[in-house]
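Student: Hey, can you walk me through this one? I'm new to reading structures.
Tutor: Sure, take a look and ask away.

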Amino acid sequence: MKKALITGIAGQDGSYLAELLLEKGYEVRGILRRASYFNTQRIDQLYKNPNFDTIYGDLTDPISLVNVIEKFKPDEIYNIGSMSHVRISFEIPAYTLMTNAVGPLCILEYIRQHAPHIKFYQASSSEMFGATRSKPPFNENSEMRPQSPYGVSKLAAFHLTRNYREGYGLFATTGILFNHESPRRGENFVTRKITRGIAAILRGEEQELKLGNIEAQRDWGHAKDYVKAIHFIMQQPKPGEYVVATGEAHSIKEALGFCFGLVKLDWQKYVVINEKYFRPNEVPYLEGDSSKIRALGWKPDYDWKAVLKEMLEHDIKDGGDEPSKYIPVISEHNT
């Protein structure tokens with residue numbers, strides 16, 4: 001039985017990845033940060049599986065990382081954990097760099113010194129492209145010019161992973177994932193703010209939805225599709241770098257039109273633009289070219305509308321209402 005260790009286990013990607021690996025017969029351990037509140041809602045159902053458990057640790061604490069690896073002795077390490085909110089990274093830049101760059105460096109250095117057989121996956125981000133001068137869609141060879149502490153931290157980890165692969169011969173591989181959403185998306189990310197906001201408006205609890213730059217365009221996929229890509233990347237004969245994306249970019253304004261339209265509301269009557277939510281450096285356009293990984297056999301099942309519709313239905317139901325009261329039932333993923 002293969003053994004996999006996942007950082008960021010309690011997040012969107014970590015929880016979906018754990019489910020996938022357990023289905024494939026892995027023994028899975030997740031590194032869980034200690035908190036004074038319950039933060040395991042996405043993985044509570046997994047504790048019933050005898051092949052799953054969590055261990056306390058933190059990407060900013062090298063000793064805890066060493067202890068977890070030595071105790072569990074994984075075959076594969078998936079570094080999914082990070083300080084993942086771009087705008088907030090401007091407010092806590094040092095913590096962002098420590099978590100997102102120094103954390104994976106410590107894991108890579110341990111592997112180099114003590115367990116070079118362990119396969120390592122680094123979760124990279126489309127935010128690394130930032131204000132690239134390359135023409136979209138962006139691929140593995142496009143210029144990277146990050147515009148936030150988050151993007152810079154992810155680019156540092158990207159190059160460290162490449163350095164350890166090329167310099168020491170480690171199986172250190174990277175997925176450059178463009179935006180991916182789901183009902184498990186954090187509540188302060190824009191897609192989830194939209195779907196939760198609409199659900200609250202339908203319940204009569206809110207009258208407006210406050211957002212920042214709605215002109216920004218992103219390439220949105222589903223986290224379920226993207227964790228399949230993560231595992232797929234780790235099973236390739238040789239490590240490398242792979243863009244994971246749908247190949248379509250849509251604006252936040254388009255997302256608003258689609259989601260409000262599903263429940264027959266006019267988004268312009270509810271959305272309020274608030275300067276508070278703008279970034280110091282905006283990234284206007286991100287669209288990915290995933291030709292490399294698609295040539296190997298991966299492709300997404302969901303398109304952007306199907307993802308947003310699923311999220312909206314979830315948030316309406318989570319508020320105690322029935323989604324079918326507002327949204328027509330469509331069974332297909334791709335609409």
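Student: Which residue stands opposite Ile77 in S5?
Tutor: That's Phe120. Helices (H or I, at least four residues) and strands (E, at least two) are DSSP runs, numbered from the N terminus. One warning before we go on: this is a predicted model, where local features need pLDDT of at least 70 and side-chain atom pairs count only at pLDDT 80 or more, while totals for chains, interfaces and linings use all residues. Residues are numbered from 1 along each chain as its sequence is written, and side-chain values use heavy atoms, with hydrogens and water left out.

Student: OK, and how many bridges join S4 to S5?
Tutor: Four, between S4 (residues 76-79) and S5 (residues 119-125), and the two strands run parallel. Two strands count as a pair if DSSP finds at least two bridges between them.

Student: What about S1 and S4, how many bridges there?
Tutor: Four bridges join those two, with S1 covering residues 3-7, and they run parallel. As an example, Ala4 in S1 stands opposite Glu76 in S4.

Student: Are the S4 residues buried or exposed?
Tutor: Buried, on both faces: Glu76 and Tyr78 point one way, and Ile77 and Asn79 point the other way. Buried means under 20% relative accessible area, exposed means over 50%, and partly exposed is in between (1.4 Å probe, protein chains only).

Student: Zooming out, what's the strand order in the open sheet?
Tutor: Seven strands make up that sheet, and the order is S3-S2-S1-S4-S5-S6-S11, with parallel pairing.

Student: Which ones are the edge strands?
Tutor: S3 (52-56) and S11 (241-244), since each of them pairs on one side only.

Student: How much does the sheet twist from one strand to the next?
Tutor: The average is 20°. Angles here run from 0 to 180 degrees between N-to-C directions, using axes that are lines fitted to C-alpha atoms, for helices over the stretch in contact.

Student: Which strands does helix H5 touch?
Tutor: H5 (residues 149-168) packs on the sheet and touches S5, S6 (172-177) and S11. Its direction makes about 150° with that of S5. Contact, by the way, means heavy atoms within 4.5 Å.

Student: And which strands does H7 touch?
Tutor: S4, S5, S6 and S11. H7 is residues 223-234, packs on the sheet too, and makes about 155° with the direction of S6.

Student: Back to S11. Which residues cover its two faces?
Tutor: Glu241 and Val243 sit on one side, with Tyr242 and Val244 on the other, and all of them are buried. S11 is also joined to S6 by four bridges, and that pair runs parallel. In that pair, Thr174 has Glu241 of S11 as its bridge partner.

Student: New topic: where is Ser89?
Tutor: In helix H3 (residues 86-89). Ser89 counts as buried because its relative accessible area is 0%.

Student: What does it touch?
Tutor: Leaving out residues up to four places away in sequence, Ser89 touches Met83, Thr96, Ser148, Pro149 and Tyr150. Arg133, on the other hand, is 44 residues from Ser89 in sequence and 23 Å away in space, C-alpha to C-alpha.

Student: Any odd backbone spots? Like, which residues does the cis peptide bond join?
Tutor: Pro136 and Pro137, with omega about 0°. Pro137 lies in the loop between S5 and H5. Most residues other than glycine have a negative phi, and most peptide bonds are trans.

Student: So what's the phi of Lys73?
Tutor: Positive, about 55°, although Lys73 is not a glycine. Look for Lys73 in the loop between H2 (62-72) and S4. Lys73 is called exposed because its relative accessible area is 58%.

Student: And what's phi for Lys264?
Tutor: Near 60°, which is a positive value in a residue other than glycine. Lys264 is in the loop between H8 (252-262) and S13 (271-273).

Student: Why is Lys264 called exposed?
Tutor: Because its relative accessible area is 67%.
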